[in-house]
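Let's take a walk through this model together, starting at the ligands and then moving out along the chain. Keep the viewer open as you read.

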Amino acid sequence: MRPKVYIAWRIPDEIEAYLAEHCSLRKWKGETPIRYEELKDELKDAEGLLLGEGRIDAELLEQAPHLRVVSTISNGYNNLDIEAMKHRGVIGTNNPGISNESVADLVLGLALAAARKIVKLDRYVKEGCWTRGIDSSWYGLDVHHSTIGIIGMGGIGQEVAKRAKAGFDMKVLYYNRSRRPEVEHRLGAEYCSLEELLTQSDFIVVMLPLTAQTEHLIGDRHFDLMKPSAVLINASRGSIVNERALVEALRARKISAAALDVYEFEPVNPDHPLLNMDNVITLPHVGSATAKTRFNMVMSAARNLVAALKGETPPFLIREFKESVQN
Ligand SMILES: NC(=O)C1=CN([C@@H]2O[C@H](COP(=O)(O)OP(=O)(O)OC[C@H]3O[C@@H](n4cnc5c(N)ncnc54)[C@H](OP(=O)(O)O)[C@@H]3O)[C@@H](O)[C@H]2O)C=CC1
Ligand SMILES: O=CC(=O)O
């Protein structure tokens, strides 16, 4: 009998057809992402789950007695309670690497947009405010030959470094849990402490996974170290930066701008003070959102799911489950 799979995300027909060859499918048909309580009700007999977003925790797993695999479409997996999954013998897969270049493209786009006030000036023109010659308040910052500090020199961080160096002749500093001599050699990046990076960088890019160690890694004392002209870019997870501290730093002009793809709570509250600041660019978590990359992520998630349900080691088994699969 084919394993029962619940698809909790809208996926292309072609990928659904691939899954249907191997599994018996049920799927979420709503226009908006499935809510936690709805997902809990849908998992009663599912052995596999294809997940777009949302929390997987002990309470939900309690309602899913047959579940064996959670295959998330994303690269980050901070929404999965790994210990609860291990406790119930459920494994998890993700998709590292597939979106690296698309996310890095967006990070450079955010750096350019913030430095050259692209979003603000676009609005200015469209609102009919461009009535005379160039005004010095429109001046921006140079991206080329400036210093970029990358916090988290993993797959995406390295793609950002490559673009910064080769495309914009930037000096690349990085801070990472483990030093990476090979990356230093290949990309000309310089390792430094977090404090040095914050003090010296014109563009600070947060590219870490969200874990107990990285939550609120950037807070009040870190903004005190940054240059008043610094631009903070976060395209990893919102909770790595303390948003209250970020708002205060922007208000106090401790930094000049921020460009965000991610927030502590998503979708971000429309009343959030960050949304009323004209030196903050706000995107709706679209780092990997190109048609090709998104297709590849979903296809990879489907392959992970099928392999795991067949009892094979899936291509992207989350590292914390490697032991469970070997035993
Ligand atoms: N905005 C979006 O749409 C997207 C966001 N993301 C987010 O970006 C994150 C990063 O992705 P990716 O580059 O692929 O991840 P990687 O795992 O390749 O890289 C993460 C890097 O962070 C370092 N790191 C981890 N913990 C710490 C710590 N406590 N202190 C310092 N460094 C640390 C790791 O160091 P070490 O080498 O020591 O392990 C590693 O080099 C994802 O986890 C995800 O949350 C990903 C894709 C799209
Ligand atoms: O945020 C997106 C991801 O792939 O992680």
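A polar contact here is a pair of N or O atoms within 3.5 Å. With that cut-off in hand, look at ligand 2, where a polar side-chain atom of R237 sits 2.8 Å from an oxygen atom of the ligand. Please keep in mind throughout that this is a predicted model.

Staying with ligand 2, you will find S74, N75, G76, R237, H285 and M297 around it. Two of these residues make contact through their backbones: a polar backbone atom of N75 is 2.8 Å from an oxygen atom of ligand 2, and a backbone N or O atom of G76 is 2.7 Å from an oxygen atom of this ligand. On its own, ligand 2 has 190 Å² of accessible area, and the protein covers 85% of it. By residue class, the shell around ligand 2 consists of one nonpolar, four polar and one charged residue.

Now turn to ligand 1. Which residues come nearest to it? Out of the 27 residues around ligand 1, they are N75, N176, R177, S178 and R180. N75 is thus a residue to look at twice, since it also belongs to the surroundings of ligand 2.

Three polar contacts are worth displaying for ligand 1. In the side chain of N176, an N or O atom is 2.8 Å from an oxygen atom of the ligand. D261 also uses its side chain, with a polar atom 2.9 Å from a nitrogen atom of ligand 1. At G287 the partner is a polar backbone atom, 3.3 Å from an oxygen atom of ligand 1. How much of the accessible area of ligand 1 does the protein cover? The ligand has 940 Å² on its own, of which 87% is covered.

The shell around ligand 1 divides into eight nonpolar, 15 polar and four charged residues. Helix 5, residues 100-115, supplies at least two residues of this shell, and so does helix 7, residues 155-168. While you are at helix 7, pick out K165, which lies in it. K165 has a relative accessibility of 32%, so it counts as partly exposed. Its C-alpha atom is 8.9 Å from that of H145, a residue 20 positions away along the chain.

Next, consider how the UniProt record annotates the chain. In an unreviewed entry, UniProt lists residues 13-317 as "domain: D-isomer specific 2-hydroxyacid dehydrogenase catalytic". In the model, that span is 38% helix and 14% strand, and its end C-alpha atoms lie 24 Å apart. The UniProt record, again an unreviewed entry, also places "domain: D-isomer specific 2-hydroxyacid dehydrogenase NAD-binding" at residues 108-287. Over residues 108-287, the chain is 33% helix and 15% strand, with 11 Å between the end C-alpha atoms.

For another pair of positions to compare, go to Q200 in helix 9, which covers residues 194-200. Q200 and G109 are 91 residues apart along the chain, and their C-alpha atoms are separated by 21 Å. With a relative accessible area of 35%, Q200 is partly exposed.

The backbone has some details to inspect as well. Most residues other than glycine have a negative phi, and most peptide bonds are trans. Against that background, the bond joining E266 and P267 is a cis peptide bond, with omega about -10 degrees. P267 is located in the loop between strand 11 (257-260) and strand 12 (280-282).

What sign does phi take at H216? The value is positive, near 55 degrees, in a residue other than glycine. H216 belongs to the loop between strand 9 (203-206) and helix 10 (220-225), and its relative accessible area of 35% makes it partly exposed. R253 also has a positive phi, about 55 degrees, although it is not a glycine. You will find R253 in the loop between helix 11 (243-251) and strand 11. Is R253 buried or exposed? Its relative accessibility is 55%, and exposed means over 50%, so R253 counts as exposed.

Finally, a look at the cysteines. How many disulfides does a search of the whole structure find? The search finds zero. C192 is buried, at 8% relative accessible area, whereas C129 is partly exposed, at 30%.

Notes: Residues numbered from 1 in each chain as written. Chains lettered and ligands numbered in written order. Predicted model: local features only at pLDDT ≥ 70, side-chain atom pairs only at ≥ 80, totals over all residues. Heavy atoms only, no water. Near = heavy atom within 4 Å. Polar contact = N/O pair within 3.5 Å; in protein donor to acceptor, adjacent residues only side chain to side chain. Areas by Shrake-Rupley, 256 points an atom, 1.4 Å probe, with all protein chains shown as cover. Helix = DSSP H or I, 4+ residues; strand = E, 2+ residues; numbered from the N terminus. Nonpolar A, V, L, I, M, F, W, Y, C, P; charged D, E, K, R; others polar. Disulfide = S-S within 2.5 Å. Buried < 20%, exposed > 50% of the residue type's maximum accessible area, 1.4 Å probe, protein only. UniProt positions renumbered as here; feature names shortened; annotations may be inferred.
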